[in-house]
Amino acid sequence: MNGRRISVRSLGYYMLKKAWVIIILMLLFGGLLAGYKYLSDKKEADALADEEIEAGFDLIERNKVENAILHYETMENYQRYLNTAPLMTVDATKENQTIVEYTLELKGQDRLTSTGIIENTNLQLLRAYISENIIMGDLDKIDQEYTKQPYLKELIWCNNTGSGAFTLGVIETKTFPNLSSDARKLVETYMDQLMKDEPRLNIRAVKEYTIQVYDGTTDANQKNTYNGIASSRNSFMNAYNGFTPAQQEYFRRRTGYQPENEEEESTGTGFSLKFFIVGLMGGCFAGICLCFIMLYLSLKNAAPEDYSDNLGLRNLGLISVNGKKHPYRDFLAKKELKAYLFDSGEESVAYAGVRLGTYCQKHELKEVAVLCSESREIVEKAAEALKKELKKSDVELHMTEKVGTDSEALKRLISTGNCILMEELYGGNRQKSSELLQFCRENEVDVIGGIGVVELTL
């Protein structure tokens, strides 16, 4: 597995750490499979019930139900319009609308022969600019909130008499306080374009005033909406109350309607324990496979044997950095680390110091540099402790763990000529470690051996 030998205990420890992956996949697979089974059963049950229900009444009875469904959908459309249209929130007796009257005139000697053609053409263009919603696209350029609101076009209206008069009206609302000024600005910009295209045309505002919204139109629109809801509801309710039980069931299935005095009947489907359990088993298997894939792709050091077996270095010891003791520490790690760990961090540092110090004295080395693939706090802590210990052997330890990116550390490493690789066993990066070792070989830097660091929080 990626060139590593992994003990059963290391594998067990890794699986315990990744148990959350397995649990999540188990719940996900179980929920999806049970949900799919529920929806599949429900769809099948509904289809079968519809067939049985339709078979229970003839064409005339079915047409009566379809007609009632049409009234129900009409009521729903009215209700949707009532809930979303800005015009339905306007108080027709209190709120105002801004009115601007414009006049269109022609310049030149041919006014008498041309009027009625050019004027009427441009009046129709102005009317189309508003009534055909061209203005809505321009409003979106000013503020996208305008086009997010359905039925906003009902707040803007226009009128032309066909004799050179054009009227723009905008209903004011608290939701869109700038609608009046924005709409007028766009309409007059369009007018400017018309005058640019036809130099003889002159359009100017002759009157501006504010009146109450109540002119019969808005009030009637609101009343018609409420009346439409009531009328459609009465129509389908009268029909529904006269239906047979089979017709009522068919109507409910088609519309989703549920009378207040009736409880929704069970479809005969429910939570499938069997499929949920099957999903849990499948999720467990998928989780274990995923963990193996993650372990295979992982570049992290897996065990103390990595130094000798995979990196080709002599093992100089294992420094423990004591942390909060895990209740399963002894079961998970004691035998695996027994040959390397002592009962305290001080003893493990002393052991590594003796082994490295003896080697340095034997080869008359006074300086040794430190390399590691990941600069982590526990590695720095272990290196500082080892540095103090090596002073007993008159050996200076230099921290150059950032040699890959730090030019000063690079110079120090090459000038020293000797180094050790210090890595956190479950946090180092084997790929980067290999790259550092290759760098040392290319630059004739002797790598004495490796020292592992472990934080005992297993």
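In the predicted model, D394 is placed in the loop between α15 (377-390) and β7 (396-399). Its phi is near 60°, a positive value in a residue other than glycine. Because its relative accessibility is 52%, against a threshold of over 50%, D394 counts as exposed. Positive phi values also occur elsewhere in the chain. E364, which is not a glycine either, has a positive phi of about 55° and lies in the loop between α14 (345-362) and β6. With a relative accessibility of 70%, E364 counts as exposed. A further case is N133, found just after α5, where phi is positive at about 65°.

The chain as a whole contains 17 helices and 9 strands. Of its 458 residues, 41% are buried. Among contacts with a separation of 6 or more, 82% are accounted for by residues 24 or more positions apart. The mean pLDDT of the chain is 76, and 74% of the residues reach 70 or more. Over residues 264-269 the pLDDT is below 50, and this stretch has 9 contacts in the model beyond near neighbours in sequence. The pLDDT is likewise below 50 over residues 331-339, a stretch with 18 contacts beyond near neighbours in sequence.

Two of the helices were compared with their expected lengths. Helix α3 (residues 59-84) has 26 residues, which at 1.5 Å a residue should span 38 Å; the end C-alpha atoms are 37 Å apart, in agreement with that figure. Buried positions in α3 include V65, A68, I69 and Y72, and also M75, Y81 and L82. For helix α5 (residues 118-131), the 14 residues should span 20 Å at 1.5 Å a residue, and the end C-alpha atoms are 20 Å apart, which agrees. The buried residues of α5 are I118, E119, N122, L123, L126, A128, Y129 and I130; the list thus takes in E119 and N122 alongside residues such as L123 and L126.

Strand β8 (residues 418-424) is mostly covered, with 7 of its 7 residues buried. In a regular strand the side chains alternate between the two faces of the sheet. In β8 both faces are covered: N418, I420, M422 and E424 are buried on one side, and C419, L421 and E423 are buried on the other. Strand β6 (residues 367-371) pairs with β8 in the parallel sense over 3 bridges. Within these strands, V370 stands opposite I420 in β8.

Several residues of β8 are also contacted from strand β9 (residues 446-456), in which I448 is found. I448 has a relative accessibility of 1% and therefore counts as buried. Residues up to four places away in sequence aside, I448 touches N418, C419 and I420, together with R314, L316, L356, Y359, L365 and V368. One of these partners, R314, is 134 residues from I448 in sequence, yet the two C-alpha atoms are 7.4 Å apart in space.

The nonpolar interior was examined next. The largest nonpolar core has 51 residues, of which F166, L179 and F251 touch the most other members. Another core, of 25 residues, lies apart from it and has L316, Y359, C360 and C372 among its members. Of these, L316 and Y359 are also touched by I448. C360 counts as buried because its relative accessibility is 0%, and C372 counts as buried because its relative accessibility is 4%.

A search of the whole structure finds 0 disulfides. A further cysteine, C289, is placed in helix α11 (residues 273-297). Its relative accessible area is 30%, so C289 is partly exposed. The C-alpha atoms of C289 and I22 are separated by 9.2 Å, although the two residues are 267 residues apart along the chain.

Methods. Residues numbered from 1 in each chain as written. Predicted model: local features only at pLDDT ≥ 70, side-chain atom pairs only at ≥ 80, totals over all residues. Heavy atoms only, no water. Buried < 20%, exposed > 50% of the residue type's maximum accessible area, 1.4 Å probe, protein only. Helix = DSSP H or I, 4+ residues; strand = E, 2+ residues; numbered from the N terminus. Pairing = 2+ DSSP bridges. Core = buried A, V, L, I, M, F, W, Y, C linked by side-chain atoms within 4.5 Å. Disulfide = S-S within 2.5 Å. Expected span 1.5 Å × (residues − 1). pLDDT = per-residue confidence, 0-100. Contact = heavy atoms within 4.5 Å.
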